[in-house]
Amino acid sequence: FFRDKYITVLYNNIESDMKVQYDKCKNCKLPNVPYDCMSIMHYRAQGTGEDVTMEAKDNTTCDLRTPNNILRDSDIEMINKKYPCNKGGKKCERFTALSDGYAEHIPYP
């Protein structure tokens, strides 16, 4: 799993009933999208000092402290791959990133 190359989950610092939220999905079919610690879907590290829930293996490439409240290019790529919009010959819309970090629908050609 990609996650283990970028972060370490410190299960001893996670409440028992929340540990399942940090487990890796064994049967998930994930699109081939680069791992992004700043993805809007990625948990942020909780706690401080020795009580932190996750640690980045390299803080220069994986930021677990900064809030992630906008869609990133990786999020948009994941949405577009996970939910293809060309099924059944229908015209549809795709997400695309804007310079301000928000996404908009673009008509699919």
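These legends accompany a set of close-up views of one predicted protein model.

**Figure 1. The whole chain, before we zoom in.**
Let us start with the overall layout of this predicted model. The protein chain contains 2 helices and 4 strands, and following the sequence from its start gives the order α-β-β-α-β-β. Of the 109 residues in the protein chain, 26% are buried. The accessible surface adds up to about 8,200 Å², with carbon and sulfur atoms contributing 52% of that area. If you consider contacts between residues at least 6 apart in sequence, 52% of them connect residues at least 24 apart.

**Figure 2. The stacked rings of Y6 and Y35.**
The whole structure holds 2 aromatic pairs, and this view shows the one made by Y6 and Y35, a stacked pair with ring centres 4.7 Å apart and 5° between the planes. The two partners come from distant parts of the chain: Y6 belongs to helix α1 (residues 3-6), while Y35 sits in the loop between β1 (7-9) and β2 (54-56), 29 residues apart. How exposed are Y6 and Y35? Y6 is partly exposed, because its relative accessibility is 29%, and Y35 is also partly exposed, with a relative accessibility of 24%.

**Figure 3. The tilted rings of Y22 and Y43.**
Here the ring centres of Y22 and Y43 are 5.0 Å apart and the planes meet at 50°, so this pair counts as tilted. Both Y22 and Y43 lie in the loop between β1 and β2, and the pair therefore ties together parts of the chain that are 21 residues apart in sequence. Is Y22 buried or exposed? Y22 counts as buried, because its relative accessibility is 10%. Its partner Y43, at a relative accessible area of 37%, is partly exposed.

**Figure 4. The largest nonpolar core.**
In soluble globular proteins, nonpolar side chains tend to be buried together. In this view you can look for the 11 residues of the largest nonpolar core: I7, V9, I14, Y22, C37, A45, V52, M54, A56, C62 and L64. Strands β1 and β2 each provide at least two residues of this core. You may recognise Y22 from the tilted ring pair, and it is one of the core members too. A good residue to follow through the view is A45, which touches V52, T53, M54, L64 and R65 once residues up to four places away in sequence are set aside.

**Figure 5. The disulfide between C37 and C62.**
How many disulfides are there? The count is 1, and this disulfide joins C37 to C62 with an S to S distance of 1.9 Å. The angle about the S-S bond is -95°, and the link of C37 and C62 is left-handed. C37 is in the loop between β1 and β2, whereas C62 is in the loop between β2 and α2, so the pair ties together parts that are 25 residues apart in sequence. Both cysteines also appear among the residues of the largest nonpolar core. C37 counts as buried, because its relative accessibility is 4%. C62 is likewise buried, with a relative accessibility of 1%.

**Figure 6. The side chain of N68 and its backbone partners.**
This view turns to N68, found in the loop between β2 and α2. N68 counts as buried, because its relative accessibility is 14%. Which backbone oxygens lie by the side chain of N68? The backbone oxygen of S39 is 2.4 Å from a polar atom of that side chain, and the backbone oxygen of H42 is 3.0 Å from a polar atom of it. Leaving out neighbours within four places in sequence, N68 is in contact with M38, S39, I40, H42 and R44.

**Figure 7. E77 and the residues it meets.**
The last view is centred on E77, which is placed in helix α2 (residues 73-82). With a relative accessibility of 29%, E77 is partly exposed. What does E77 touch, apart from its neighbours within four places in sequence? It is in contact with N32, V33 and P34. E77 and P34 are 43 residues apart in sequence, and their C-alpha atoms are 9.4 Å apart in space.

Key: Residues are numbered from 1 along each chain as its sequence is written. This is a predicted model: local features need pLDDT of at least 70, side-chain atom pairs count only at pLDDT 80 or more; totals for chains, interfaces and linings use all residues. Side-chain values use heavy atoms; hydrogens and water are left out. Buried means under 20% relative accessible area, exposed over 50%, partly exposed in between (1.4 Å probe, protein chains only). Contact means heavy atoms within 4.5 Å. Accessible areas come from the Shrake-Rupley method with a 1.4 Å probe; for residues, only the protein chains shown count as cover. Rings of Phe, Tyr and Trp (its six-membered ring) pair if their centres lie within 6.5 Å; planes under 30 degrees apart count as stacked, over 60 as edge-to-face and the rest as tilted. A nonpolar core is a set of buried Ala, Val, Leu, Ile, Met, Phe, Trp, Tyr and Cys residues joined through side-chain atoms within 4.5 Å. A polar contact is a pair of N or O atoms within 3.5 Å; within protein, one must be able to donate a hydrogen and the other to accept it, and residues adjacent in sequence count only if both atoms are side-chain atoms. A disulfide is a pair of cysteine sulfur atoms within 2.5 Å.
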